[in-house]
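Me: I have a chain open here and want to talk through its fold. Can you take me through it?

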Amino acid sequence: MKMNKKIIILIGLILALVLFFGFKKTSNQEVKSSSVASGSSPAPATNPPKENTPSPSQNVLPADKIEVVHFHGTHQCWSCITVGEYALKTIKERFPNEYASGKIVFKDVNGELKENQEIVLKYQARGSSLFVNTIRDDKDDIVEDTTVWRLVGNESQFTRYFENKLKILLGK
């Protein structure tokens, strides 16, 4: 019985490492060759995503549009699934008009699928993650939100935090 527990713990650690280190990294050669084949130029390099939530006291221009993007792998753990579910539920329940009008968009993206390679590169997503892209004047401001992972065990705290973040970005 002791040996079985050790094996289960070892498998869990390996799975956690795989999720932590993220999706397969696409080489520049693959990106260049797929761009050449499609006749388009490779996507321009972007600044790495940052994590910041403006405080209500900061003067923030309201977003024209907000994209919330939940990246995950094919096989998800409870936390990965729950972060996506809580984010979408918060948007639908607390911002129904903005969601219905497309001012707030939620995307659930399996980063392991080849057809999602472009968005994974745009967001520089690695593993399970939640990004908020605040779009103003057709300019992306992509920010990874790592705070949600600390709140995933408490739905009301998660909802309060995420609702407040979106309200600030909307200028409410």
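Reply: What follows goes from the overall make-up to the sheet, one helix and the confidence values.

Me: Fine. What kind of model is it, and how many helices and strands are there?

Reply: It is a predicted model. The protein chain has 7 helices and 4 strands. In sequence order the pattern is α-α-β-α-α-β-α-β-β-α-α.

Me: What share of the residues is buried?

Reply: Of the 172 residues in the protein chain, 35% are buried. The exposed surface comes to about 11000 Å², and 56% of that is from carbon and sulfur atoms.

Me: And the contacts, how much of them is long-range in sequence?

Reply: Taking contacts with a separation of 6 or more, 73% are between residues 24 or more positions apart.

Me: Now the sheet. What order are the strands in?

Reply: The order is 2-1-3-4, in an open sheet of 4 strands with mixed pairing. Strand 2 and strand 4 (139-144) are at the edges with a single partner strand each, so each has one side without a neighbour in the sheet. On average, neighbouring strands are turned by 20° against each other, direction ignored.

Me: How do strand 1 and strand 3 pair?

Reply: They are antiparallel, with 7 bridges. His70 has Leu130 of strand 3 as its bridge partner, and Phe71 has Ser129 of strand 3.

Me: Which helices pack on that sheet?

Reply: Helix 3 is one of them, touching strand 1, strand 2 and strand 3, and its direction makes about 165° with that of strand 2. Helix 7 also packs on the sheet and touches strand 1, strand 2 and strand 3. The direction of helix 7 makes about 20° with that of strand 3.

Me: Back to strand 3. Why is it called largely enclosed?

Reply: Because 8 of the 8 residues of strand 3 are buried, the rest of the structure largely encloses it.

Me: Which of its residues point which way?

Reply: Ser129, Phe131, Asn133 and Ile135 point one way from strand 3, while Leu130, Val132, Thr134 and Arg136 point the other way. Both sets are buried. In a regular strand, side chains alternate between the two faces of the sheet.

Me: What about strand 3 and strand 4, parallel or antiparallel?

Reply: Antiparallel, joined by 6 bridges. Ile135 has Asp140 in strand 4 as its bridge partner. The two strands form a hairpin with 2 residues between them. Asp137, in the turn, has a positive phi of about 50°.

Me: Switching to helix 7. Why does its length look right?

Reply: Helix 7 (residues 155-170) has 16 residues, which at 1.5 Å a residue should span 22 Å; the end C-alpha atoms are 22 Å apart, so the two agree. Gly171 follows helix 7 and has a positive phi, near 80°.

Me: Which residues of helix 7 are buried, and what do they pack against?

Reply: The buried ones include Phe158, Tyr161, Phe162, Leu166, Ile168 and Leu169. Glu163 and Lys165 are buried too. The buried residues of helix 7 pack against elements including strand 1 (65-72), helix 3 (78-94), strand 2 (104-110) and strand 3 (129-136). Helix 4 (96-101) and helix 6 (147-151) are also among the elements they pack against.

Me: Last topic. Where does pLDDT stay under 50?

Reply: Over residues 23-52, for which the model has 37 contacts beyond four places in sequence. Where pLDDT is low, the predicted coordinates should not be read in detail.

Me: And the chain as a whole, what is the average?

Reply: The protein chain averages a pLDDT of 80, and 67% of the residues score at least 70.

Key: Residues numbered from 1 in each chain as written. Heavy atoms only, no water. Buried < 20%, exposed > 50% of the residue type's maximum accessible area, 1.4 Å probe, protein only. Contact = heavy atoms within 4.5 Å. Areas by Shrake-Rupley, 256 points an atom, 1.4 Å probe, with all protein chains shown as cover. Expected span 1.5 Å × (residues − 1). Pairing = 2+ DSSP bridges. Axes fitted to C-alpha atoms, helices over the stretch in contact; angles between N-to-C directions. pLDDT = per-residue confidence, 0-100.
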